[in-house]
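Subject: Structure handover and notes

Hi,

Here is the structure I promised to pass on to you. Please open it alongside this message, and my notes will follow below.

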Amino acid sequence: DPDNDEISYTFESSTGSSICEEGSEGNLCIVSPDTQGWIKVNITAADGQGTASTSISQWIYVRDNPVPEIRGVSGFNSSWKTESHMSLIVDAYDPLGEHVTYAATLIDSSNTLVDALTIGRDDGTIVIDKDAVDNGDYTLRLSVSDGVNEVTASLQFRADNNTPPVINFIY
């Protein structure tokens, strides 16, 4: 405002509901339309002094953005003998064909984060390092995101590097 008066905003859309809040970069308005397609939004700024205000109208295109889907995980073993690394491939896709990224965390039975993962953020590969886990129960938490929506899944497994005894000879 040229006079440094406090500004109030009103936000109207041709359909759906809206939420406006003040942020560090100015005001942010989120519209949740009831339908897809073109909608018209009107924004008015007023300083409360007199009747002067400024308004703009804008048409925006709204489309549904469904959540990505995880179809499966290959290479997973719920009873893992830790003789070698566990190499996984997460099979996921976005219904709109948008690029998805992958993330994962590994948690032990005491709910402690374990640094044992190598993650291919863009290709869905995950390697669990056999040398970074002890015997015990673990939860692998996977997430796939299209940049807007995210889907998560959890897989439980037991790591066991206990080699059975060998009978060398009998007396």
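Below I go through a sheet, the salt bridges, one loop aspartate and one backbone angle.

Please keep in mind that this is a predicted model.

**The sheet**

Let me start with an open sheet of 4 strands, which runs in the order E6-E8-E11-E10 with antiparallel pairing. E6 and E10 are its edge strands: each has a single partner, so one side of each is left without a neighbour in the sheet. Averaged over neighbouring strands and ignoring direction, the turn of one strand against the next is 20°. In general, strands of a sheet pair through backbone hydrogen bonds, and the pairing can be parallel or antiparallel. Within this sheet, E8 pairs with strand E11 (residues 125-128) in the antiparallel sense, over 4 bridges. If you want a place to start looking, Met86 has Ile128 in E11 as its bridge partner.

**Salt bridges**

How many salt bridges are there? The count comes to 4, and I describe some of them here.

One of them joins Asp91 and Arg71, with the closest N and O atoms 3.3 Å apart. Asp91 sits in strand E8 (residues 86-93) and Arg71 in strand E6 (residues 69-74), so this pair ties together parts of the chain that are 20 residues apart in sequence. As for exposure, Asp91 is partly exposed, at a relative accessible area of 36%, whereas Arg71 is exposed, at 53%.

Another one is formed by Asp137 and Arg158, whose closest N and O atoms are 2.7 Å apart. Here too distant parts of the chain are linked: Asp137 belongs to strand E12 (residues 136-145) and Arg158 to strand E13 (residues 150-160), 21 residues apart. Both ends are partly exposed, with a relative accessible area of 34% for Asp137 and 46% for Arg158.

The side chains of Lys130 and Asp131 also meet in a salt bridge, at 3.1 Å from N to O. Lys130 counts as partly exposed, with 26% relative accessibility, while Asp131 counts as exposed, with 60%.

**Asp146**

Do have a look at the loop between E12 and E13, where Asp146 is found. Is Asp146 buried or exposed? Its relative accessible area is 11%, so Asp146 is buried, the limit for that class being under 20%.

What does the side chain of Asp146 reach? One target is the backbone nitrogen of Val148, at 2.8 Å, and another is the backbone nitrogen of Asn149, at 2.6 Å. Leaving aside residues up to four places away in sequence, Asp146 touches Asn65, Pro66, Pro68, Asp94, Glu98, His99 and Val100.

**Asn111**

Finally, a backbone detail. Asn111 has a positive phi of about 65°, although it is not a glycine. Where is Asn111? This residue is found in the loop between strand E9 (101-108) and strand E10 (117-119). Asn111 is exposed, with a relative accessible area of 57%.

If you have time for two views, I would pick the loop that holds Asp146 and the pairing of E8 with E11.

Best wishes

Notes
Residues are numbered from 1 along each chain as its sequence is written. This is a predicted model: local features need pLDDT of at least 70, side-chain atom pairs count only at pLDDT 80 or more; totals for chains, interfaces and linings use all residues. Side-chain values use heavy atoms; hydrogens and water are left out. Buried means under 20% relative accessible area, exposed over 50%, partly exposed in between (1.4 Å probe, protein chains only). Two strands pair if DSSP finds at least two bridges between them. Axes are lines fitted to C-alpha atoms, for helices over the stretch in contact, and angles run from 0 to 180 degrees between N-to-C directions. A polar contact is a pair of N or O atoms within 3.5 Å; within protein, one must be able to donate a hydrogen and the other to accept it, and residues adjacent in sequence count only if both atoms are side-chain atoms. Contact means heavy atoms within 4.5 Å.
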